[in-house]
Amino acid sequence: MRKLTKNQKSVAEKVELGKAYTLDEASKLVKEITTTKFDASIDIDVRLGVDPRKANQMVRGVVTLPNGTGKVTRVLCLCTPDQEAAAKEAGADYVGLDEYIDKIKGGWTEVDVIITMPSCMGKVGPLGRVLGPRGLMPNPKSGTVTMDVAKAVKDVKSGKIDFKVDKAGIIHTSIGKTSMTPEQIFGNAKEFISTVVKLKPAAAKGTYIKSIFISSTMSKGIKIDPKSAE
């Protein structure tokens, strides 16, 4: 049997196998068991009692984390010339249209979020093959296709994220960084879980929130008691 390192032994002693922690406890513990030398991401996994194959049980939404994401989000705004100044003032890192569409066609995708306008989708739509697999394709449901691009940019920069359940019925997303305080991690997790609860499909029967786990990059997952997050 492989021997545990000093850090692994320390983590094993702090996380009780099979125990469901309160959200408050988990928000503190996830920092304590993180041993990476870099500012690791805080991830949350919520298993839902839904069948994602059915359209009326798909769970998808957006949430603005009260304490931000803890990371710098690079935003590209593909808009008409009359909206460029507003997008730049709102904090967009890249602003334009045709020149960036050509760059993307050439393989450039060095951004985290792309925001555009309905009138520009005729040009943006064909980029789906490049942007889709990378999760960068603008979508009205996530608020990234909008007439008010300035507001959309501000929202993303302030901590707005979008999420959706995968084929296995799990929502996985990052809600912060380990450099955040336990209170900030708790606040972000609480807001995210509350949003997921509000999105419960009417067609979903039985237990909706089946399990919640929180972890940091390369750390063990900490099981959370769903009731403590309500």
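Start by selecting V124, which sits in helix α5 (residues 121-124). Helices here are DSSP runs of H or I with at least four residues, strands are runs of E with at least two, and both are numbered from the N terminus. What you have open is a predicted model, where local features need pLDDT of at least 70, side-chain atom pairs count only at pLDDT 80 or more, and totals for chains, interfaces and linings use all residues. Residues are numbered from 1 along each chain as its sequence is written, and side-chain values use heavy atoms, with hydrogens and water left out.

Is V124 buried or exposed? Its relative accessibility is 0%, so V124 counts as buried. (Buried means under 20% relative accessible area, exposed means over 50%, and partly exposed is in between, using a 1.4 Å probe and protein chains only.)

Now show what V124 touches. Leaving aside neighbours within four places in sequence, V124 is in contact with L78, I101, T116, M137 and P138. Contact means heavy atoms within 4.5 Å. Try a distance label on one of these: the C-alpha atoms of V124 and M137 are 8.5 Å apart, with the two residues 13 places apart along the chain.

**Next stop: the three-stranded sheet**

Select β3, β4 and β5. Together they make an open sheet in the order β4-β3-β5, with parallel pairing. (Two strands pair if DSSP finds at least two bridges between them.) At the edges are β4 (94-96) and β5 (113-116), each pairing on one side only. From one strand to the next, the twist averages 15°. Axes are lines fitted to C-alpha atoms, for helices over the stretch in contact, and angles run from 0 to 180 degrees between N-to-C directions.

Add helix α4 (residues 98-105), which packs on this sheet and touches β3, β4 and β5. The direction of α4 makes about 115° with that of β4. Then zoom in on β3 (residues 75-78), which pairs with β4 in the parallel sense over three bridges. Which residue of β4 stands opposite C77? That is V95.

**Next stop: the largest pocket**

Pick D112, G135, I161, D162 and F163: among the 30 residues lining the largest pocket, these lie nearest its centre. The volume of this pocket is about 850 Å³. Here's how pockets are found: on a 1 Å grid over the protein atoms alone, a pocket is an open set of points with protein on both sides within 12 Å along at least five of seven lines, and lining residues have an atom within 4 Å of a point. Grid points are joined across faces, edges and corners, and a volume is the space filled by probe spheres set on the points.

Colour β5, β6 (160-164) and β7 (170-177), since each supplies at least two residues of the lining. By class, the lining has ten nonpolar, twelve polar and eight charged residues. (Ala, Val, Leu, Ile, Met, Phe, Trp, Tyr, Cys and Pro count as nonpolar, Asp, Glu, Lys and Arg as charged, and the others, Gly among them, as polar.)

**Next stop: the four-stranded sheet**

Follow β7 into an open sheet with the order β7-β1-β8-β9 and antiparallel pairing. Its edge strands are β7 and β9 (222-224), each pairing on one side only. Here the twist averages 25° from one strand to the next.

Helix α2 (residues 23-32) packs on this sheet, touching β1, β8 (209-216) and β9, and its direction makes about 165° with that of β9. Helix α8 (residues 182-198) packs on the sheet too, touching β1, β7 and β8, at about 155° to the direction of β7.

Walk across the strands. Seven bridges join β1 (residues 41-48) to β7, and I42 has G176 in β7 as its bridge partner. β1 also pairs with β8 over seven bridges, where D43 is partnered by S215. Three bridges then join β8 to β9, and I214 stands opposite I222 in β9. Why is β8 described as largely enclosed by the rest of the structure? Because six of its eight residues are buried.

**Last stop: M218**

Select M218, in the loop between β8 and β9. This hairpin has five residues between its strands. M218 has a positive phi of about 70° although it is not a glycine. With a relative accessible area of 75%, M218 is exposed.

Zoom out to finish: the protein has eight helices and nine strands, and 45% of its 230 residues count as buried.

How values were computed:
On a 1 Å grid over the protein atoms alone, a cavity is a set of points where a 1.4 Å probe fits but cannot get out, and a pocket is an open set with protein on both sides within 12 Å along at least five of seven lines; lining residues have an atom within 4 Å of a point.
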